[in-house]
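User: I am new to reading protein models. Could you take me through this one and explain the terms as we go?
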Amino acid sequence: MNKIQGIFGVLLALLLIMCKVGCADRHKQAIELNNEAVDMMNTFHRDSMNMALALLDKAIALDSSYVMAYSNKAKCLTYLGQRKQAVETYARYRDVTDVSLDKMRCWTAMGVNYDVMGYSARADFCYRKAISLEPDIKKEGKYDMNAKVDLLFVKNLLGMKREVDKEWETFRKGNTYKLDSYALNFYHEFIKMDRRQMIEKERKKDESIKQIIDYRTH
């Protein structure tokens, strides 16, 4: 019996080693596919961007935990004007990641996309989910300057102006010696953008990107 158990233990150990090697190899291939897809996506040629989406799908199939592939796929879909599909991809990214900061940014991106598509109630839901993660972000030690600014941006979209103004003043005083006036003004302009301004900006960006893609494709 002991001999059989010993053989079984050895076989199990070998199987685990093979699984680890296989997972590492698939992860490496997924990274390579993602990098190739990014190069193709940045050509802003429609055919190349569609090929980039196919490569990103392959990367996700190889390693479903590789979050960069989801992020780049959502970005590519947004560039192509496929915001509904981008929302679905951000939702998958949100479900895969264990990092609350990433989840917050996924919820925010979903909200922005819903707002641009005209689904304000769905956008509200997403924004509230995003700011609800603030305590978890702090707990995980990810509450840096950029996280704070992103959360203030979302709170402002939700009309929480008084809270945003108060938190911004604390943020400004605490970072006066870390950031120059240009950087502080840049952050402040970003934070105080309301939903109407944000939607208008996003739609103008969509139109500009569409023109670039049309020009480079034809």
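User: How many aromatic pairs does the structure hold?
Analyst: This is a predicted model. The structure holds seven aromatic pairs.

User: What makes the pair of F44 and Y79 tilted?
Analyst: Start with the distance. The ring centres of F44 and Y79 lie 5.2 Å apart, and rings pair if their centres lie within 6.5 Å. Next comes the angle. Planes under 30 degrees apart count as stacked, and those over 60 count as edge-to-face. The planes of F44 and Y79 are at 40°, so the pair is tilted.

User: Where in the chain do F44 and Y79 sit?
Analyst: F44 is in the loop between α1 (2–41) and α2 (46–62). Y79 is in helix α3 (residues 67–79). The two are 35 residues apart, and the pair links distant parts of the chain.

User: Why is F44 called buried?
Analyst: Buried means under 20% relative accessible area. F44 has 18%, so F44 is buried.

User: And why is Y79 called partly exposed?
Analyst: Partly exposed lies between the limits for buried, under 20%, and exposed, over 50%. Y79 has 23% relative accessibility, so Y79 counts as partly exposed.

User: What is notable about the phi of F44?
Analyst: F44 has a positive phi of about 55°, although F44 is not a glycine. Most residues other than glycine have a negative phi.

User: Which residues form a cluster through ring pairs?
Analyst: W168, F171, F186 and Y187 do.

User: How do you know that R122 sits over the ring of Y119?
Analyst: The charged end of R122 is 4.7 Å from the centre of the Y119 ring. The cut-off for distance is 6 Å, and the charge must also be within 35 degrees of the ring normal. R122 counts as sitting over the ring. K138 also lies over a ring face, that of Y143, at 4.9 Å from the ring centre.

User: Which kinds of element does the whole protein have?
Analyst: The protein has 11 helices and zero strands. Of its 218 residues, 40% count as buried. The protein exposes about 13200 Å², and carbon and sulfur atoms supply 57% of that area.

User: How do contacts join residues along the sequence?
Analyst: Take the contacts between residues at least 6 apart in sequence. Of these, 58% join residues at least 24 apart.

User: How do you know that the reach of helix α11 is close to what is expected?
Analyst: Helix α11 (residues 195–217) has 23 residues. From its first C-alpha to its last, α11 reaches 32 Å. The expected value is 33 Å at 1.5 Å a residue, and the reach is close to that.

User: Which residues of α11 are buried, and what covers them?
Analyst: R195, M198, I199, E202, I209 and I213 are buried. Their cover includes α2, α3, α4 (83–96), α5 (100–117), α6 (120–131) and α8 (145–157).

User: What makes the link at the start of α11 a polar contact?
Analyst: A side-chain oxygen of D194 reaches to within 3.2 Å of the backbone nitrogen of R196. The cut-off for a pair of N or O atoms is 3.5 Å. The D194 pair falls inside that limit.

User: Why is R195 called buried?
Analyst: R195 has 18% relative accessibility, and buried means under 20%, so R195 counts as buried. A polar atom of its side chain lies 3.3 Å from the backbone oxygen of S120. Beyond neighbours within four places in sequence, R195 is in contact with D115, S120, A123, D124, Y127 and L157.

User: Is R203 in α11 buried or partly exposed?
Analyst: R203 has 46% relative accessibility, so R203 counts as partly exposed. The limit for exposed is over 50%. R203 touches D115, V116 and G118, leaving out residues up to four places away in sequence. The backbone oxygen of V116 lies 2.7 Å from a polar atom of the R203 side chain.

User: Why is G111 in helix α5 called buried?
Analyst: G111 has 0% relative accessibility, and the limit is under 20%, so G111 counts as buried. Not counting residues up to four places away in sequence, G111 touches A123, C126 and Y127. G111 and A130 are 19 residues apart in sequence and 9.0 Å apart in space, C-alpha to C-alpha.

Technical notes: Residues are numbered from 1 along each chain as its sequence is written. This is a predicted model: local features need pLDDT of at least 70, side-chain atom pairs count only at pLDDT 80 or more; totals for chains, interfaces and linings use all residues. Side-chain values use heavy atoms; hydrogens and water are left out. Helices (H or I, at least four residues) and strands (E, at least two) are DSSP runs, numbered from the N terminus. Buried means under 20% relative accessible area, exposed over 50%, partly exposed in between (1.4 Å probe, protein chains only). Contact means heavy atoms within 4.5 Å. Accessible areas come from the Shrake-Rupley method with a 1.4 Å probe; for residues, only the protein chains shown count as cover. Rings of Phe, Tyr and Trp (its six-membered ring) pair if their centres lie within 6.5 Å; planes under 30 degrees apart count as stacked, over 60 as edge-to-face and the rest as tilted. The expected span of a helix is 1.5 Å times one less than its number of residues. A polar contact is a pair of N or O atoms within 3.5 Å; within protein, one must be able to donate a hydrogen and the other to accept it, and residues adjacent in sequence count only if both atoms are side-chain atoms.
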